Amino acid sequence: MTALDADIVLRRRSYYQMTDFHKNSRLVSMAKRRKELSVRDHGIERSNIVKQDLVSMAAKVNSTDRDLQLGGTVLIRKRLMLGRQETAKVIQLGLVPRIVELLSREDSAELQVEAVGCLSIIASGVVYKWTKDVLDSRAVPALVKLLLSPKDKVQEQAVHALGNIAGDCAESRDHVSANGALTPLLRLLLEKDAKDPILRTASWTLSNLCGGYPFPPFEQTKAALPVIVDLIKTKGKDKDVLTDLCWSLFYISEATAEGHKAVLAAKVSQRLLELLSPQLPAEVANAALCCVCKIYLTNDQTEGFINLDFLSKLANLLPVKNMKEQVCRTITTSIITSRNKHAIIEDVIKAQLLKRLIKEVENAPFRVKRVAGQAVANVILCSSPEQIRRFVDKDCVNAMDIILELNDLGSVHLALQGINKILKAGLEEQLDVEVSSSYAASFAEAPALEKIRYLSSLHVGEVSDTAQQIVDMYM
């Protein structure tokens, strides 16, 4: 493998590790949001609802009397809210087609809200067959029509139900899109006031239409891009709205090369930088950071973006408890994906990031310590010998020493490579004997020496080989 091939592999590995971390966080968050109940009723008494005859409830729903229909639908909705077992019983009664019919009752917005609530709960992602029952009953066209309802509550519940369906799987998402949900959804996002609560639900539903695996083709989400950019710049005040808009932008950029190019052309970088603020909720900064890494740190845009004071933003985010891992990974990605690594290292040093990373290695819990140590090692590995002479000190050596103790072979190997790079710096620059010896002396004085000797005696592939190389050449 050539040096160039190794660099490409390293770039890709760093990017995918970081984006997987962000996407896993997003999936956990999305799962919680999808299970939110469309119609909240904190006064439900389980025993009273369960005692009531389900067949009698169904009879009311199937009646021709509007009041009976409403009463029965309310009871069914409360029954569905009790969990999977009760939902299965409702499904077995074959009530889904009837509930879909009730969506057309324009003479009773309350009945429409309750019917939508039932469908939203059924399609909340617990069992795909239940969502498919909703699809097969032609609920989606009816729900899309309700997006045009003059009643705000009906609109909001319909948006939520469509979000639940779209978030179930790629097939369900494509079904919602194919039935024309995107156009009225975008209209709602543009027309509603920034403080309107429906924006939260609509932005979440939009993220479900843009995301999912496999990703939708760009043509399916193309119309959403200018709206997303406009909202991020203008109406994005609420943390949930901003978070979901950023994730929609991320998905469009990641899905296809065409989408990525279109996002780049949208010139949203300055706004994303503004969202990288410790004053904003971590969810927002998290999503914005993932967007930045996907859009700007995977191509020739890297240097230009970091010139926008990006690293200073990372330095301010590093102390934020829920951002430490993400920031450390991003620093690594910024360095590895750059084609002018030495210039990026200079910016890292100027932003005081190296010193802050070393503090995290010294004091943070394992998960943060590991990624912070990887970032420090990558700073060293991507530095020139002249840069190493300037910034490597006792604290840097001690950080590598700490990483050697971690129960993580990848981090240990990176630390050994960093140590090897430091010790080679003297030879590469043809330093005099005294300076060259001082590097070895730094490690000889540190506890790292015995650890390196110990690692060289193990049979763990590259770790042992690199450790033995250090011992043979410098110790």
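Is C293 buried or exposed, and what is its relative accessible area? I began my entries with this residue, and I found that C293 is buried, with a relative accessible area of 0%. I keep in mind throughout that I am reading a predicted model.

**Entry: the cysteines.** I looked for disulfides next and found that the structure holds zero of them. For C293 I noted the nearest cysteine sulfur, which belongs to C290 and is 6.7 Å away, so C293 is in no disulfide, given that such a pair needs sulfur atoms within 2.5 Å. I also looked up C118, which is buried with a relative accessible area of 0%.

**Entry: the chain as a whole.** I then stepped back to the overall make-up, and I recorded 31 helices and zero strands in the chain. The chain has 475 residues, of which buried residues make up 56%. When I took the contacts between residues at least 6 apart in sequence, I saw that 72% of them join residues at least 24 apart. For the surface I wrote down an exposed area of about 20,800 Å², with carbon and sulfur atoms supplying 51% of it.

**Entry: the nonpolar core.** I asked which residues of the largest nonpolar core touch the most other members. This core has 150 residues, and the ones I was looking for are I76, L143, L206, L249, L272 and F310. Helix 19, which spans residues 282-296, gives the largest share of this core, with twelve residues. I followed F310 further and, leaving out residues up to four places away in sequence, I listed its contacts as L273, L276, L289, V292, L297, F305, T330 and S334.

**Entry: two residues of helix 25.** Helix 25 covers residues 366-381 and includes I380, and R370 lies in helix 25 as well.

I looked at I380 and noted that it counts as buried because its relative accessibility is 0%, and the cut-off for buried is under 20%. Setting aside neighbours within four places in sequence, I found I380 in contact with I388, F391, C396, M400, G418, K421 and I422. I also checked I380 against I419, which is 39 residues away along the chain, and their C-alpha atoms are separated by 8.4 Å.

What is the nearest side chain of opposite charge to R370, and how far away is it? I found that it is D408, at 4.2 Å, and that R370 is buried yet has no salt bridge. Since a salt bridge requires the nitrogen and the carboxyl oxygen to be within 4 Å, I left this pair out of that category. D408 is nevertheless among the residues that R370 touches beyond four places in sequence, together with R329, L406 and S411.

Technical notes: Residues numbered from 1 in each chain as written. Predicted model: local features only at pLDDT ≥ 70, side-chain atom pairs only at ≥ 80, totals over all residues. Heavy atoms only, no water. Helix = DSSP H or I, 4+ residues; strand = E, 2+ residues; numbered from the N terminus. Buried < 20%, exposed > 50% of the residue type's maximum accessible area, 1.4 Å probe, protein only. Contact = heavy atoms within 4.5 Å. Lys, Arg positive; Asp, Glu negative; His and termini not counted. Core = buried A, V, L, I, M, F, W, Y, C linked by side-chain atoms within 4.5 Å. Areas by Shrake-Rupley, 256 points an atom, 1.4 Å probe, with all protein chains shown as cover.
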